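Open your viewer, load the model and keep the selection box handy. We'll hop from stop to stop, and at each one you'll get something to pick and something to look for.

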Amino acid sequence: MIKARFYQKNGLYCGFIISGHAGGRYGQDIVCAGVSSAVMLTVNTLTDFLVCDCDVKVGNNVTALKLNDYENNSDCRALIFSLKTHLQLLAEDHGGISVITRNI
């Protein structure tokens with residue numbers, strides 16, 4: 001199961017942690033590929049194109065991102081919300097993904 005946790009502070013998206021694997025069933029590898037691609041596109045867009053002030057950690061089956069200046073960067077927050085929406089749609093269509101939002 002892929003776990004996607006999105007974080008909000010004062011109602012504003014400020015980061016996420018994506019971890020796990022969709023599982024070994026036939027067809028789930030495409031879910032993992034879709035999630036991995038979407039997550040890395042989001043991270044690269046935030047860091048390289050929007051040049052958001054953020055901390056990124058990429059490890060074995062875990063990617064975490066925290067916006068340091070989330071209050072003043074609506075473009076970065078919108079991209080995180082867009083990733084969340086994309087993962088929710090993948091979960092509805094294919095399963096293998098848990099998407100939650102937590103207030104911090």
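Start by selecting C54: at 16% relative accessibility, it counts as buried. Here buried means under 20% relative accessible area, exposed means over 50%, and partly exposed is in between (1.4 Å probe, protein chains only). Before you go on, a word on what you're looking at: this is a predicted model, where local features need pLDDT of at least 70, side-chain atom pairs count only at pLDDT 80 or more, and totals for chains, interfaces and linings use all residues. Residues are numbered from 1 along each chain as its sequence is written, and side-chain values use heavy atoms, with hydrogens and water left out.

Stay on C54 and show its sulfur. Which cysteine sulfur is closest to the one in C54? The closest is in C52, 5.9 Å away, and that is too far for a bond. While you have cysteines on screen, click C32 too: its relative accessibility is 11%, so C32 counts as buried.

**Next stop: the disulfide**

Now select C52 together with C76. These two form a disulfide, with 1.5 Å between their sulfur atoms; the term is used for a pair of cysteine sulfur atoms within 2.5 Å. A disulfide is a covalent bond between the sulfur atoms of two cysteines. Where does each partner sit, C52 and C76? C52 lies in the loop between α1 (28-49) and β3, while C76 is in helix α2 (residues 74-94), so the pair ties together parts that are 24 residues apart in sequence. (Helices are DSSP runs of H or I with at least four residues, strands are runs of E with at least two, and both are numbered from the N terminus.)

Rotate to look at the S-S bond of C52 and C76: the torsion about it is about -65°, so the disulfide is left-handed. Both C52 and C76 are buried. Searching the whole structure turns up 1 disulfide.

**Along helix α2 and out to a patch**

Move to A78, which also has its place in helix α2. A78 counts as partly exposed, at 44% relative accessibility. Draw a line between the C-alpha atoms of A78 and L12: they are 66 residues apart along the chain, yet the separation is 9.4 Å.

Then select V56, in strand β3 (residues 54-59). V56 has 32% relative accessibility and counts as partly exposed. Add M40 and V58 to the selection, and you have a nonpolar surface patch of about 220 Å² made by M40, V56 and V58.

**Two asparagines with positive phi**

What is phi of N10 near? It's near 55°, a positive value in a residue other than glycine. N10 sits in the loop between β1 (2-9) and β2, and N10 is exposed, with a relative accessible area of 63%. Jump to N61 for another one: phi of N61 is near 65°, again positive in a residue other than glycine. N61 is in the loop between β3 and β4 (62-67) and counts as partly exposed at 45% relative accessibility.

**Who touches whom**

Select S19, in strand β2 (residues 12-20). Is S19 buried or exposed? S19 counts as buried, at 13% relative accessibility. Leaving out residues up to four places away in sequence, S19 touches M1, I2, K3, R5, N61 and V62; contact means heavy atoms within 4.5 Å. So N61 from the previous stop turns up here as a neighbour of S19.

Now go to I104, in the segment after β5 (97-103). I104 counts as exposed, at 60% relative accessibility. With residues up to four places away in sequence again left out, I104 touches Y7, Q8, K9 and C14. I104 and N10 are 94 residues apart in sequence but 8.1 Å apart in space, C-alpha to C-alpha.

**Zoom out**

Finally, select the whole protein chain and colour by secondary structure. How many helices and strands are there? The protein chain has 2 helices and 5 strands, in the order β-β-α-β-β-α-β along the sequence. The C-alpha atoms fill a box of roughly 45 × 25 × 20 Å along the principal axes. Of the 104 residues in the protein chain, 37% are buried. As for contacts between residues at least 6 apart in sequence, 56% join residues at least 24 apart.

How values were computed:
Patches are made of residues with over 30% relative accessible area and no salt bridge: like charges are joined within 9 Å, nonpolar side chains (Val, Leu, Ile, Met, Phe, Trp, Tyr) within 5 Å. Accessible areas come from the Shrake-Rupley method with a 1.4 Å probe; for residues, only the protein chains shown count as cover. A salt bridge is a side-chain nitrogen of Lys or Arg within 4 Å of a carboxyl oxygen of Asp or Glu.
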